[in-house]
Amino acid sequence: MSQYSLENYEKYKTKKIRPQPLSPKEHVTNHGLFEYAAFSWKELESPRGEYRLEVIKEALNTARNPILVLTPDLPLWVKDDAEDCFAALIRKVGSYIDSDRRLAAVVISTLADSKEEWNAYIDSFERQTLLADLQHDRLIQHLRDCSRGFGLLVKCSEENWIECCEAFARNNLQKVWKSYPVVLHVTDSVCGPHCRREAYRWHASLSNINAGLGYDLVLRRLTYPETVSSRGSLPLRFWFVNTGSSRIYQKFQLWVQLKQGDFSYELPLISATHSWLTGDLVHNEIIPLQDMPPGTYTLSLGLFFEDRSYISLQIRNQQQDGYYEAGTIQVEITDEDPFMNIWDTYDPEGYYPLEDPKLPD
């Protein structure tokens, strides 16, 4: 360790955990794949006014990252005002399924490309991500006029990838991925080199065939004190890296667990995970501790979605119920809380000059 390293300027004794990442052979993930949950109009409303919407939820139980597509295949009873009737179906499906968190997105598919149909999706799927076809300029403009956020469905091949790049530039869609997913539909039998390269540039998160897309989180470093006080404060400094092609779009939260025998304490952190994109992700926080018996505790961390399913980290640390073991920490009974305001007088990740610069001779 260099005499100039930051470790020599810490104001308290710390432990720095640097987990080993998984090797390429150990790194297995499939969260970047999606499946269409496609249903035709005549399947869902064969007799007029009689809906079979339960088949949609049945499909969501088995599909991986399901994306809903309503295909406008006309039932026999449709004679006039077909687009208005299809818009009514869209609203019916939306009212039935909009709260289902298993649904990754909904493709805006229409019968006549009418604003009535577009608005049916906008009004009925308020909590779901809507996907607009990348090449559909009028629809994209309408969504913007309505101030409705949207993701993109990119139908790409080795023949039309340049046209896809032009469409991104034409409608200024390069930053859509920061808020809503970009979904890649590869129309070739395999994902070719041009499609794969551009998908990473577009920050695509899902694809219909394995193109190595999605998020990949690694914990590079965790820093915390060697000893803390019961009912005191615990300063934590996290350095994650998202090495994947996209951000994580579902809501999730960072948690810490302190465990000693039968005693276990789960502590939520106030991390701004909604703003985590790709690359380096740093979070520093001082969290209050409960009244804990003294002793040596195992400190673990986990990232959990709202349904308590967890995000797999690409590290070799032991994992149990979504928590990855980081190290041990000593809890003592003291009269003071030495870490409550420890960061008020210095930046724990900043630079500390050893001496004032000298004037040149």
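Before we start: a helix axis here is a line fitted to the C-alpha atoms over the stretch in contact, and angles run from 0 to 180 degrees between N-to-C directions. Keep in mind that this is a predicted model.

**Exercise 1. Work out how helix 3 and helix 4 are oriented, and which residues bring them together.**

Step 1. Take the geometry. The axes of helix 3 (residues 82-97) and helix 4 (residues 115-124) come within 9 Å, crossing at roughly 10°.

Step 2. Classify the angle. Anything under 35 degrees counts as roughly parallel, so helix 3 is roughly parallel to helix 4.

Step 3. Look at who touches whom. Helix 3 brings E83, D84, F86, A87, I90, R91, G94 and S95, and these meet E116, E117, N119, A120, Y121, D123 and S124 of helix 4.

Step 4. Sort that contact by class: you get six charged, five nonpolar and four polar residues.

**Exercise 2. Now do the pair helix 4 and helix 5: parallel or oblique?**

Step 1. Helix 5 covers residues 137-145, and its axis sits 11 Å from that of helix 4, at an angle of about 50°.

Step 2. Roughly parallel needs an angle under 35 degrees, and roughly perpendicular needs 65 to 115. Helix 4 and helix 5 are therefore oblique to each other.

Step 3. Add the hand: this crossing is right-handed.

Step 4. List the players. From helix 4 come K115, W118, N119 and I122, and from helix 5 come R138, L139, H142 and L143. By class that's four nonpolar, two polar and two charged residues.

**Exercise 3. Find the residues with the most partners in the largest nonpolar core.**

Step 1. This core has 56 residues, and V93, L152 and V154 touch the most other members.

Step 2. Ask which helix gives the most: helix 3 does, with eight residues.

Step 3. Zoom in on L152. Leaving out residues up to four places away in sequence, its contacts are L131, A132, L134, I140, F168, L173, V176, P181, V182 and V183.

Step 4. Don't stop there: a separate second core has 42 residues, including F240, V256, W276 and L289.

**Exercise 4. Explain what is unusual about phi at D81 and R231, and say whether each is buried or exposed.**

Step 1. Recall the background: most residues other than glycine have a negative phi.

Step 2. D81 isn't a glycine, yet its phi is positive, about 55°. R231 isn't one either, and its phi is about 65°.

Step 3. Place them. D81 is in the loop between strand 3 (66-71) and helix 3, while R231 is in the loop joining strand 10 (227-229) and strand 11 (233-242).

Step 4. Check accessibility. Exposed means over 50%, so D81 qualifies with a relative accessible area of 53%, and R231 qualifies with 63%.

Definitions and conventions: Residues numbered from 1 in each chain as written. Predicted model: local features only at pLDDT ≥ 70, side-chain atom pairs only at ≥ 80, totals over all residues. Heavy atoms only, no water. Core = buried A, V, L, I, M, F, W, Y, C linked by side-chain atoms within 4.5 Å. Buried < 20%, exposed > 50% of the residue type's maximum accessible area, 1.4 Å probe, protein only. Helix = DSSP H or I, 4+ residues; strand = E, 2+ residues; numbered from the N terminus. Contact = heavy atoms within 4.5 Å. Parallel < 35°, antiparallel > 145°, perpendicular 65-115°, else oblique. Nonpolar A, V, L, I, M, F, W, Y, C, P; charged D, E, K, R; others polar. Left-handed = near helix turned anticlockwise from the far one by under 90°.
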